[in-house]
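Please open the structure in your viewer and keep the selection panel at hand. The tour below goes from stop to stop, saying at each one what to select and what can be found there.

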Amino acid sequence: MSNTTLTYYNQNAKAFSDSTLNVDMSALYAEFLPHVAQHGSILDAGCGSARDAAFFKAQGFTVSAFDASPELAELASSYLQQPVAVKTFQELNCVNQYDGIWCCASLLHVPKAELPQVFLNLQNALKPNGVLYVSFKYGDTERVHNGREFTDLNENALTHLLSDTQLKAIKQWQSVDQRPERESEVWLNALIKVVHVL
């Protein structure tokens, strides 16, 4: 995440957190959770307010979470009632640890040139039958908007980014933003699994 994007989240942490806590994510949970081992371990990567981590925790999953913004991580720790690490995707270096990794609207702040390595980090962190959920704003450009840097992806761009990994998208679909007055924004969603090469 760029310094400008990080500064944005640190300066607007409370407002951002408050604006996301009550967004209805049930349709996305319904896609992701059936692929996660019962009572398995889930990493909410780039957790923001920890809205999703808290939901997974309430469903009986073992939850870990991190965010690059110290201010957001502090708010998320309070909401989740457990420590939330301050970390970037580039710093993720665990192996074979999670049944599911949830990257909801978080990878979109990683520069496109760094995404292949980040996907390898995520691949390494997954258990053999684990599942990865990712979402990006739909498009094919890198851009700056309201003080934040975004990497937009479409289906072809995501497939291409995964080509140098053992990851494969098992489902890709588009959805509209669930936040009030953001209905015109389209998201690319994907469920991704490790394909074991024999």
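A residue is called buried here when its relative accessible area is under 20%, exposed when that area is over 50%, and partly exposed in between. Please keep in mind throughout that this is a predicted model.

**Helix α6**

Begin by selecting helix α6, residues 115-125, and colour the residues in it that count as buried, which are Leu 115, Val 118, Phe 119, Asn 121, Leu 122, Gln 123 and Ala 125. What do the buried residues of α6 pack against? If you display the surroundings, you will find that they pack against the strands β4 (98-103), β5, β7, β8 and β9, and also against helix α7 (155-161).

Stay in this helix and select Val 118, which has a relative accessible area of 1% and is therefore buried, the limit being 20%. Leaving aside its neighbours within four places in sequence, Val 118 is in contact with Phe 89, Gln 90, Leu 107 and Val 110. Now add Glu 91 to the selection: Val 118 and Glu 91 are 27 residues apart in sequence, while their C-alpha atoms are 8.8 Å apart in space.

**The largest pocket**

Next, turn to the largest pocket, which holds about 790 Å³ of space. Its lining is made by 46 residues, and to find the centre you can select Arg 51, Cys 104, Ala 105, Ser 135 and Trp 187, which lie nearest to it. Elements that give two or more residues to this lining include the helices α2 (13-20), α3 (26-32) and α4 (51-58), together with strands such as β2 (62-67), β5 (126-137) and β9 (186-194). Which element gives the most to the lining of the largest pocket? That element is α3, with 4 residues.

From here, select Thr 20, which has its place in helix α2 and counts as buried because its relative accessibility is 8%. When neighbours within four places in sequence are left aside, Thr 20 is in contact with Ser 49 and with Arg 51, the latter being one of the residues nearest the centre of the largest pocket.

**Three salt bridges**

A search of the whole structure finds 6 salt bridges, and the tour visits some of them. Side chains of opposite charge can pair when their charged atoms come close.

Select Glu 31 and Lys 171, whose side chains meet in a salt bridge with an N to O distance of 3.0 Å. This pair links distant parts of the chain, since Glu 31 is in helix α3 and Lys 171 in strand β8, 140 residues apart. Glu 31 is partly exposed, with a relative accessible area of 24%, and Lys 171, at 35%, counts as partly exposed as well.

Then select Lys 137 and Glu 185, whose side chains form a salt bridge of 2.8 Å, N to O. Here too the pair links distant parts of the chain, with Lys 137 in strand β5 and Glu 185 in the loop between β8 and β9, 48 residues apart. Are these partners buried or partly exposed? Lys 137 is buried, with a relative accessible area of 9%, whereas Glu 185 is partly exposed, at 22%.

The last pair to select is Asp 152 and Arg 143, which meet in a salt bridge of 2.5 Å, N to O. Asp 152 is buried, with a relative accessible area of 5%, while Arg 143, at 26%, counts as partly exposed.

**A nonpolar surface patch**

Move to the surface and select Tyr 138, Val 176 and Val 186, which make a nonpolar patch of about 220 Å². Val 176 has its place in strand β8, residues 167-176, and is partly exposed, with a relative accessible area of 43%.

**Strand β1 and two loop residues**

Now select Ser 41 in strand β1, residues 41-45, which counts as buried at 13% relative accessibility. Beyond residues up to four places away in sequence, Ser 41 touches several others, among them Thr 62, Tyr 98 and Lys 127.

To finish, look at the backbone of two residues in loops. Most residues other than glycine have a negative phi. His 39, in the loop between α3 and β1, has a positive phi near 55 degrees and is exposed, with a relative accessible area of 54%. Asn 96, in the loop between β3 (85-86) and β4, has a positive phi near 60 degrees and is partly exposed, at 43%.

Notes
Residues numbered from 1 in each chain as written. Predicted model: local features only at pLDDT ≥ 70, side-chain atom pairs only at ≥ 80, totals over all residues. Heavy atoms only, no water. Buried < 20%, exposed > 50% of the residue type's maximum accessible area, 1.4 Å probe, protein only. Contact = heavy atoms within 4.5 Å. Patch = residues over 30% accessible without salt bridge, like charges linked within 9 Å, V, L, I, M, F, W, Y side chains within 5 Å. Areas by Shrake-Rupley, 256 points an atom, 1.4 Å probe, with all protein chains shown as cover. Salt bridge = Lys/Arg side-chain N within 4 Å of Asp/Glu carboxyl O. 1 Å grid on protein atoms, 1.4 Å probe; cavity = no way out; pocket = protein on both sides within 12 Å on 5 of 7 lines; lining within 4 Å. Points joined across faces, edges and corners; volume = space filled by probe spheres on them.
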